[in-house]
Amino acid sequence: MANNSNELIDDNYEHYEEDVDGKKIYFKVAETEMTKQEFSDLSEDDCEFIFQCLLLADDLLKKHTDGESLNSYSTVTLDNLIDLYNEDPKIFDCTKNGFINSIGAAFGHFLNKNLGTKWIVITDEYGDDFSCQIDELNLRAFPLNSVAKAIEQKREGSLETIYLLIKRQKAELEAEL
């Protein structure tokens, strides 16, 4: 087991291939040591940040997709935008952080809308991170971080895979209640 997620190498992961909702997905899992975490609701500044990111996401969707907007998009659409960004980031009128934050906020918004998660801030020894979670199921995702890794590691279909895994995990956890 690695000390923390920043120390993981590919050998630390177990690789899986599964069918979820009729789609074949590939993912990897590793165990890390637990770090002390604090959970808090979004501050007014956090809410404003997410709102501004969603405005940029709406602009990016309208400009770089075929008629989609924040009112109608999917994780596949967001994955396609990430692929487009990885091919040529210069076509986007924003910084890399602006792209990551806006697409991450849109992914979080999608999770909230479709799975009933809610935004929170998690603080640990490495800093603060936005998360979307379902408290009673102890289920969480890190949308902005997910987009950053999809870009960094040139992952294709990453957000769709994460969504399908969380959707399946939510159903499994609810069945146990």
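This is a short chat about helices, a sheet and a core in a predicted model.

Me: Let's start with the sheet. What is the strand order?

Reply: The order is β3-β4-β5-β6. It is an open sheet of four strands, and the pairing is antiparallel.

Me: Which strands stand at the edges?

Reply: β3 (38–40) and β6 (139–141). Each has a single partner strand, so one side of each is left without a neighbour in the sheet.

Me: How much are neighbouring strands turned against each other?

Reply: By 40° on average, with direction ignored.

Me: What holds strands together in general?

Reply: Strands of a sheet pair through backbone hydrogen bonds, either parallel or antiparallel.

Me: Back to this one. How many bridges pair β3 and β4?

Reply: Three, in the antiparallel sense. β4 covers residues 118–124. Ser40 stands opposite Val121 in β4.

Me: Which helices pack on the sheet?

Reply: One is α3, which touches β4, β5 (127–134) and β6. The direction of α3 makes about 125° with that of β4. Another is α4, which also touches β4, β5 and β6. The direction of α4 makes about 110° with that of β5.

Me: How many bridges join β4 to β5?

Reply: Seven, and the two strands run antiparallel. Lys118 stands opposite Gln133 in β5. A hairpin of two residues joins β4 to β5.

Me: And what joins β5 and β6?

Reply: They form a hairpin too, with four residues between them. Asn138 sits in that turn, with a positive phi of about 50°. β5 and β6 pair over three bridges, again antiparallel. Ile134 has Leu139 in β6 as its bridge partner.

Me: New topic: helix α2. Why does its length make sense?

Reply: α2 has 13 residues, 75–87. At 1.5 Å a residue, α2 should span 18 Å. Its end C-alpha atoms are 18 Å apart, which agrees.

Me: Hang on, 13 times 1.5 isn't 18. Why?

Reply: The expected span is 1.5 Å times one less than the number of residues.

Me: Got it. What caps the N-terminal end of α2?

Reply: Ser74 does. A side-chain oxygen of Ser74 lies 3.3 Å from the backbone nitrogen of Val76.

Me: Which residues of α2 are buried?

Reply: Thr75, Thr77, Leu78, Asp79, Leu81, Ile82, Tyr85 and Asn86.

Me: What do they pack against?

Reply: Four helices: α1 (44–64), α3 (96–115), α4 (143–152) and α5 (158–176).

Me: So what about the core? Which residues have the most contacts inside it?

Reply: Leu78, Ile82, Phe99, Ile103 and Leu159. This is the largest nonpolar core, and it has 45 residues. α3 gives the most to this core, with nine residues.

Me: Why would nonpolar residues gather like that?

Reply: In soluble globular proteins, nonpolar side chains tend to be buried together.

Me: Take Phe99. What does it touch?

Reply: Leaving out residues up to four places away in sequence, Phe99 touches Leu60, Leu81, Ile82, Tyr85, Phe92, Cys94, Gly104 and Ile151.

Me: Now some serines. Is Ser146 buried or exposed?

Reply: Buried, with a relative accessible area of 11%. The cut-off for buried is under 20%. Ser146 lies in helix α4.

Me: What is its side chain close to, as a polar contact?

Reply: A polar atom of the Ser146 side chain lies 2.8 Å from the backbone oxygen of Phe142. Beyond four places in sequence, Ser146 touches Phe107, Leu159 and Ile162.

Me: And Ser158, buried or exposed?

Reply: Ser158 counts as buried, at 7% relative accessibility. Ser158 is in helix α5. With residues up to four places away not counted, Ser158 touches Asp79 and Ala150.

Me: What about Leu165? Where is it?

Reply: In helix α5. Leu165 is buried, with a relative accessible area of 17%. Its contacts, leaving aside neighbours within four places in sequence, are Ile25 and Phe27.

Me: How far apart are the C-alpha atoms of Leu165 and Val20?

Reply: They are separated by 7.5 Å, yet the residues are 145 apart along the chain.

Me: Last one: where is Pro89?

Reply: In the loop between α2 and α3. Pro89 counts as partly exposed, at 35% relative accessibility. Its C-alpha atom is 29 Å from that of Arg140, 51 residues apart along the chain.

Note on methods: Residues are numbered from 1 along each chain as its sequence is written. This is a predicted model: local features need pLDDT of at least 70, side-chain atom pairs count only at pLDDT 80 or more; totals for chains, interfaces and linings use all residues. Side-chain values use heavy atoms; hydrogens and water are left out. Buried means under 20% relative accessible area, exposed over 50%, partly exposed in between (1.4 Å probe, protein chains only). Contact means heavy atoms within 4.5 Å. A polar contact is a pair of N or O atoms within 3.5 Å; within protein, one must be able to donate a hydrogen and the other to accept it, and residues adjacent in sequence count only if both atoms are side-chain atoms. Two strands pair if DSSP finds at least two bridges between them. Axes are lines fitted to C-alpha atoms, for helices over the stretch in contact, and angles run from 0 to 180 degrees between N-to-C directions. A nonpolar core is a set of buried Ala, Val, Leu, Ile, Met, Phe, Trp, Tyr and Cys residues joined through side-chain atoms within 4.5 Å.
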